[in-house]
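Trainee: Please take a close look at one part of this model for me. I would like to hear about the aromatic rings and their surroundings.

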Amino acid sequence: MTYLFFSYFKDLVGREVTVELKNDLAIRGTLHSVDQYLNIKLENTRVVDQDKYPHMLSVRNCFIRGSVVRYVQLPPDGVDIELLHDATRREARGG
Amino acid sequence: MTVKSGARVLPDVFGRFLTLSRIVALKILLKPLVYSLCTKGRTGMATEEDSAVKEPLDLIRLSLDERIYVKLRSDRELRGKLHAYDQHLNMILGDVEEIVTTVEIDDETYEEIVRTTRRTVPFLFVRGDGVILVSPPLRTA
Amino acid sequence: MIEFQLFRALSFEMSTGPGLESLVDQTISVITNDGRNIVFQWDPNLQHYSFVFPLPNAKGILKGFDQATNIILDESHERVYSTKEGVQQLVLGLYIIRGDNISVVGELDEELDSALDLSNLRAHPLKPVIH
């Protein structure tokens, strides 16, 4: 089990992210929580292209299964590059 | 029975010792080579584990903080600076350019129309299960 | 027995991150990997977790979920989107949705949902998830 991204996303709780799914749906919202499978819960959600995808018009909070996530667009100031490099090297060593 | 197996212990231990010393010798011989592969991105003294290239992922570690090319499922390609990865090939990329290739079939001529759409994203987490290949930067010049 | 096991799974969810526990007692909309949209409401006070479909005369019963996001639904309903006509409702009956096939579990905002004119809502069905 890898904790690098689990920890990273935990630190990102409260920030705005856009989760892009493997069915091309993109959901923007505030990161509420994340677990070891990288399942994600978003609050205050809105679908990025609501005209094309009105399927979640009345959904404001949602649970997204980690396995259907393709990308997560991160806030530019939510990426501490030095910290990530160090954590990646540590993880690569199996630590 | 017990005597027999007991008698086998001695050469066994000796043999194992031989193999062990051979491995150590090999490691010492290979060290400069391995180190030369891994000089980039090392901070301070690296342990042997740190620098050994034993598996494909070790090569990706050498691409940390470099622009890489990633081919993904569903005809997507990414180019971006590698900031983090794990053993599932989950990644965080910076200054990402994504290219999506779609093929449409013309209603009248039935010709295939290949379209590519491009976009850029400042920072992107990429889930590893969609990754087909990762290509390190070209080391030209 | 099944209820007990599901309840234990539920408690497990509560101790971890984004479980489904906060969706208890809410109207829920599930998007499955084949692009379908299933809606029901969870009432934890009933013997079986009971779901009331947010439309008149439409009901569903959810029996639970576990940490693999497996969901057991009874009498749930599906919203079928098309570009030719408004949203159609389909009765599904007893369904066990394997967690692998679930994309999104959303909490339906009743107010927003009742303001929707489903019969005039037209859209392509969601694409299936391609792993």
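**Aromatic rings and their setting**

Mentor: Start with A:Y3, which is partly exposed at a relative accessible area of 47%. Keep in mind that this is a predicted model. A:F6 is buried, because its relative accessibility of 14% falls under the 20% limit. These two residues, A:Y3 and A:F6, form an aromatic pair. Their ring centres lie 6.3 Å apart, and the planes meet at 45°. That angle is neither under 30 degrees nor over 60, so the pair counts as tilted.

Now take A:Y8 and A:F9. Their ring centres are 5.5 Å apart. Their planes stand at 70°, so this pair is edge-to-face. Both partners are buried: A:Y8 has a relative accessible area of 9%, and A:F9 has one of 2%.

Distance and angle are the two values to read here, as a pair of aromatic rings is described by the distance of the centres and the angle of the planes.

Over all chains, the count is four aromatic pairs. A:Y8 and A:F9 also belong to one aromatic cluster, together with A:F5 and B:F125. The cluster therefore has members from chain A and from chain B.

Go back to A:F6 for a charge. The charged end of A:K10 sits over the ring of A:F6. The distance to the ring centre is 4.3 Å. So A:F6 has A:Y3 as a ring partner and A:K10 as a charge over its ring.

B:F125 brings in chain B as a setting. Chain B has three helices and five strands. Along the sequence the order is α-α-α-β-β-β-β-β. Of its 141 residues, 32% are buried. Take the contacts in chain B between residues at least 6 apart in sequence: 43% of them join residues at least 24 apart. The exposed area of chain B is about 9700 Å², with 60% of it supplied by carbon and sulfur atoms.

Last, the empty space. Rolling a probe the size of a water molecule over the atoms shows where empty space is left. In the whole structure, four cavities of 30 Å³ or more turn up. The largest cavity has a volume of about 90 Å³. Its lining draws on chains A, B and C. From chain A come A:K22, A:R70 and A:Y71. Chain B gives B:L72, B:R73, B:S74, B:R76, B:V126, B:R127 and B:G130. C:I130 and C:H131 complete the lining.

Key: Residues numbered from 1 in each chain as written. Chains lettered and ligands numbered in written order. Predicted model: local features only at pLDDT ≥ 70, side-chain atom pairs only at ≥ 80, totals over all residues. Heavy atoms only, no water. Phe/Tyr/Trp six-rings, centres within 6.5 Å; stacked < 30°, edge-to-face > 60°. Buried < 20%, exposed > 50% of the residue type's maximum accessible area, 1.4 Å probe, protein only. Lys NZ or Arg CZ within 6 Å of the ring centre and 35° of its normal. Helix = DSSP H or I, 4+ residues; strand = E, 2+ residues; numbered from the N terminus. Contact = heavy atoms within 4.5 Å. Areas by Shrake-Rupley, 256 points an atom, 1.4 Å probe, with all protein chains shown as cover. 1 Å grid on protein atoms, 1.4 Å probe; cavity = no way out; pocket = protein on both sides within 12 Å on 5 of 7 lines; lining within 4 Å. Points joined across faces, edges and corners; volume = space filled by probe spheres on them.
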